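I set out to record what I looked up in this structure, entry by entry. The notes follow the order in which I consulted it.

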Number of protein chains: 2
Amino acid sequence: MASSSLWQRFQRYFLEYRELGFSLDISRMKFPEDMFDEMRPQIEQAFAAMRQLEAGAIANPTEKRMVGHYWLRNPELAPTPAIRAEIEDTILSDALGSAQNRMNIFFFDNTDPEGFDRVFDRIGDGLPRTLVVVVSKSGGTKETRNGMVEAEAKFAAKGLQFARHAVAVTGVGSELDKDAEANAWLARFPMPDWIGGRTSVMSAVGLLPMALEGFDIDGFLAGAAAMDERTRIPEVAQNAAMLLALMWYYAGNGKGERDMVVLPYKDRLALFTKYLQQLVMESLGKEKDLAGDIVHQGIAVYGNKGSTDQHSYVQQLRDGVLNFFVTFVEVSNDRRGAPFEVEDGITSGDYLHCFLRGTRGALYEKGRESITMSIPQVNAFYVGALIALYERAVGFYGSLVDVNAYDQPGVEAGKKAASKLLELQKQVREKLSDDGKTAEEIARLVDADPEDVFHLLRHLASNDPSIKVTPGEETVDDRFSLAEKS
Amino acid sequence: MASSSLWQRFQRYFLEYRELGFSLDISRMKFPEDMFDEMRPQIEQAFAAMRQLEAGAIANPTEKRMVGHYWLRNPELAPTPAIRAEIEDTILSDALGSAQNRMNIFFFDNTDPEGFDRVFDRIGDGLPRTLVVVVSKSGGTKETRNGMVEAEAKFAAKGLQFARHAVAVTGVGSELDKDAEANAWLARFPMPDWIGGRTSVMSAVGLLPMALEGFDIDGFLAGAAAMDERTRIPEVAQNAAMLLALMWYYAGNGKGERDMVVLPYKDRLALFTKYLQQLVMESLGKEKDLAGDIVHQGIAVYGNKGSTDQHSYVQQLRDGVLNFFVTFVEVSNDRRGAPFEVEDGITSGDYLHCFLRGTRGALYEKGRESITMSIPQVNAFYVGALIALYERAVGFYGSLVDVNAYDQPGVEAGKKAASKLLELQKQVREKLSDDGKTAEEIARLVDADPEDVFHLLRHLASNDPSIKVTPGEETVDDRFSLAEKS
């Protein structure tokens with residue numbers, strides 16, 4: 001396309017929310033001019049589904065739940081006075097933290113023992129001054145439960161009373177909620193049934209840690225509300241969330257045929273892609289559509305940050321396999337302090353901006369399409385706005401391809417398989433004796449898959465010095481026994 | 001496949017380097033039994049190419065360079081005594097740092113002004129005790145140059161002499177090398193011509209920062225050397241690097257048709273995927289093959305860590321679009337200290353292990369294929385071994401699909417486009433006056449693309465208070481002028 005017609009296309013497809021300071025440019029996606037007209041029925045359907053969702057419909061049919069994250073930033077929209085009160089009563093005082101009085105944060109987000117140890121090492125002598133926020137809707141998530149149990153033990157070992165340091169964010173009446181109440185934890189915050197994990201960041205789940213760290217949670221909610229307000233309007237050309245969803249649809253042919261590569265040109269947004277990975281992939285990666293037909297939907301998401309990435313995998317984006325589209329995120333204000341020129345008339349920020357524009361151009365030149373969005377700065381308000389934008393775009397896209405964007409049935413399979421293996425591990429452990437046995441022999445004794453038994457034995461032997469391994473000719477012939485007691 | 005035949009297949013395709021403690025399981029990739037025979041000619045070719053590369057051939061033909069990263073961990077292999085001496089003379093004393101005497105590390109890896117400010121904020125009053133390591137082969141990379149200039153200014157502002165804090169790792173005779181010599185920096189370390197950026201981690205580029213942080217660089221090199229030794233042997237079934245390359249070939253049909261999702265089940269390996277993203281994508285993402293034909297090769301890489309990710313995008317992996325294969329990385333030793341049971345007979349590490357195995361099974365059940373590799377622990381030795389494994393697998397795969405895995409021609413395009421825009425920015429800036437002008441008007445004055453000019457003007461106006469914007473009816477009609485001097 002010649003430069004002059006690109007400029008025409010840019011003027012046509014550059015959407016700016018002036019007062020918000022947000023813009024979206026879809027001109028470098030080569031969708032056909034009549035696409036929005038052609039898709040009118042699905043688009044109307046998606047707008048209608050979102051209206052119903054926001055009005056309190058059971059928008060998550062498999063789990064028979066309402067989907068209420070939009071109410072969190074505008075409680076007046078809540079479908080019942082009770083829900084409105086539930087949101088408004090979960091007041092988080094700004095006194096919890098401020099920019100002058102921030103708490104440091106550490107995460108237990110896994111069941112990796114070494115990961116726990118690493119956090120305890122970092123906290124060091126600070127344990128008596130440490131608050132533990134345990135977040136689990138059901139209270140049954142094992143990573144959270146294990147982290148809590150490890151933390152309890154650590155506090156106890158230091159002679160500290162865990163309950164005097166612990167706060168729960170959980171579903172009312174969950175096991176965790178009951179435990180926290182029974183043991184008189186410092187506080188309990190509710191996690192309503194109508195909030196899913198991946199859209200819980202504007203409930204107490206996200207707001208409590210943010211407040212403790214001194215972030216501006218009011219600004220965060222206000223940014224989301226402002227974006228919600230604009231993307232609620234059922235007019236395609238003015239609706240950034242619908243335009244995003246349509247671009248995803250166009251790029252991947254409505255089947256996720258192209259990966260979404262997200263490149264924010266800003267250090268402070270380096271983790272944004274990781275957040276989107278969960279939001280987009282967990283929401284859209286579904287086996288069945290709402291009619292129950294097998295569709296295997298989803299969009300793969302990856303990325304990190306520019307211009308750093310230009311020196312790594314952007315090589316493949318420009319020259320390699322064309323299985324993706326790019327989303328650039330620009331932050332127009334370079335720094336809070338005074339500009340500093342690294343050469344005559346040019347700042348580091350000018351470089352950053354021109355690297356973004358240059359890469360966008362270099363990709364386009366090779367037929368690689370991209371979306372570009374822009375915000376003035378990275379702060380709580382704009383992070384809130386971006387999250388709201390993507391939450392709604394994901395909801396719209398779910399409607400366009402007719403999947404439930406709010407459940408996660410596939411996540412259960414791995415958990416169930418793990419539970420069975422943990423049961424099997426106990427049985428395997430009991431069959432160990434002074435006599436060395438192979439995995440195959442033990443598998444026969446407990447009537448289990450020899451490969452499962454083999455891996456369980458190896459893992460046990462790696463961590464329990466009382467288990468002895470006598471090497472066989474091949475590794476699979478290794479014999480496992482209990483070491484003789486000395 | 002029934003469980004018993006899976007066990008057969010496992011026994012056949014489970015490779016263990018017993019003394020090294022490393023294993024690779026490719027049994028859950030459903031490649032045909034005769035694949036290795038069918039591919040014999042390409043495999044032999046790949047082994048031969050690697051032998052030549054290690055012997056000092058010009059293995060990077062576009063840049064007419066040798067490719068010598070394997071010599072770094074076994075200098076005896078260097079093709080000339082001069083190169084051997086070059087490696088051995090770059091001695092990095094362990095006195096630089098130790099586990100008891102670690103330096104903290106901060107990175108400038110971008111040209112984001114706010115990113116620089118954030119690092120300076122973290123360093124705070126520590127600047128007088130800060131050493132700056134400037135790493136740039138040519139000295140011309142703008143991100144590095146800009147970071148260096150910003151750091152120089154910060155040191156100067158605090159009355160500190162930058163040269164007394166600065167060390168260069170750069171090509172002998174580069175601009176940076178000359179500057180560092182002229183200004184009497186503390187030290188200069190060479191970055192040889194035959195080392196590429198993405199395989200430089202075992203040269204002074206990686207070893208110097210590692211030593212300063214107190215990591216075991218001898219162990220790091222030894223781990224790589226040990227893996228090199230085993231993967232140098234031209235026998236497919238015993239060569240983990242060749243098996244990996246063949247699995248990538250099988251998964252993506254030799255055309256990168258499937259993404260590589262890497263899931264280490266260990267917090268301390270969470271960044272490993274990011275490293276692989278650069279190594280694999282920059283090396284293999286190529287427009288042309290070695291014969292000059294257009295092929296658009298590459299393999300997209302993403303991932304983070306388990307079991308955390310099971311609660312996010314693994315939903316899509318199990319249920320969604322089947323455009324990937326998985327690589328699980330297991331670490332068999334759970335923690336350095338004593339085991340701790342979170343429930344009767346079960347540790348957090350048992351959970352982690354069973355989540356890995358359970359997810360692998362749940363994916364396989366749905367036709368999702370995976371590779372599993374295992375190391376005993378995460379330390380310098382095993383990180384070195386993993387890096388060596390992937391470096392060689394990438395080299396082999398490059399041969400299998402006949403691309404130059406050691407150049408990066410596409411990276412230049414974005415940089416060149418950026419340089420042009422920076423030049424244009426200066427011209428645009430000069431055309432601003434008291435009279436408001438639109439982007440289109442200024443574009444005509446400087447004979448440039450109006451869209452480029454529009455973005456440059458907006459970025460300038462966002463950062464320079466002396467530029468005034470008068471809103472037009474549409475954003476593209478905004479008028480830009482110099483604010484009246486007060």
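**Entry 1: Strand 2 of chain B**

I began with E16(B), and I found that its bridge partner in strand 2 of chain B is S23(B). The model is a predicted one, and I read every value below with that in mind. I then looked up the pairing to which this bridge belongs: strand 1 (residues 14-17) of chain B and strand 2 of chain B run antiparallel and are joined by four bridges. Between these two strands, the hairpin has four residues. In that hairpin I noted G21(B), which takes a positive phi near 80°.

I next asked which strand is joined to strand 2 of chain B by three bridges. I found strand 11 (residues 370-375) of chain B, and the two run antiparallel. Here S23(B) stands opposite S374(B). I therefore have S23(B) recorded twice, as the partner of E16(B) and as the residue opposite S374(B).I also checked whether the faces of strand 2 (residues 22-25) of chain B are covered or open, and both are covered. F22(B) and L24(B) lie on one side, S23(B) and D25(B) on the other, and all four are buried. As a general point, side chains in a regular strand alternate between the two faces of the sheet.

**Entry 2: The contact of chains A and B**

I turned to the place where the chains meet. How many residues does each chain bring to the contact? Chain A brings 124 residues and chain B brings 125 residues. I looked up the area next, since the size of an interface is often given as the accessible area lost when the parts come together. Between chain A and chain B about 11300 Å² is buried, and carbon and sulfur atoms give 52% of this area.

I then recorded the polar side of the contact. There are 26 salt bridges between chain A and chain B. One that I inspected joins E451(B) to R360(A), with the closest N and O atoms 2.7 Å apart. I also noted 86 residue pairs in polar contact between the two chains, counting pairs with both residues at pLDDT 80 or more.

Which element gives the most to the side of chain A that touches chain B? I found helix 13 (residues 348-365) of chain A, with 13 residues. By class, that side of chain A has 37 nonpolar, 44 polar and 43 charged residues.

**Entry 3: A85(A)**

Last, I looked up A85(A), which lies in helix 4 (residues 81-89) of chain A. I asked whether A85(A) is buried, partly exposed or exposed. Its relative accessible area is 30%, so A85(A) is partly exposed. I also noted its separation from P75(A), 10 residues apart along the chain: the C-alpha atoms of the two are separated by 8.1 Å.

Key:
Residues numbered from 1 in each chain as written. Chains lettered and ligands numbered in written order. Predicted model: local features only at pLDDT ≥ 70, side-chain atom pairs only at ≥ 80, totals over all residues. Heavy atoms only, no water. Buried < 20%, exposed > 50% of the residue type's maximum accessible area, 1.4 Å probe, protein only. Contact = heavy atoms within 4.5 Å. Buried area = accessible area lost by both parts, 1.4 Å probe. Salt bridge = Lys/Arg side-chain N within 4 Å of Asp/Glu carboxyl O. Polar contact = N/O pair within 3.5 Å; in protein donor to acceptor, adjacent residues only side chain to side chain. Nonpolar A, V, L, I, M, F, W, Y, C, P; charged D, E, K, R; others polar. Pairing = 2+ DSSP bridges.
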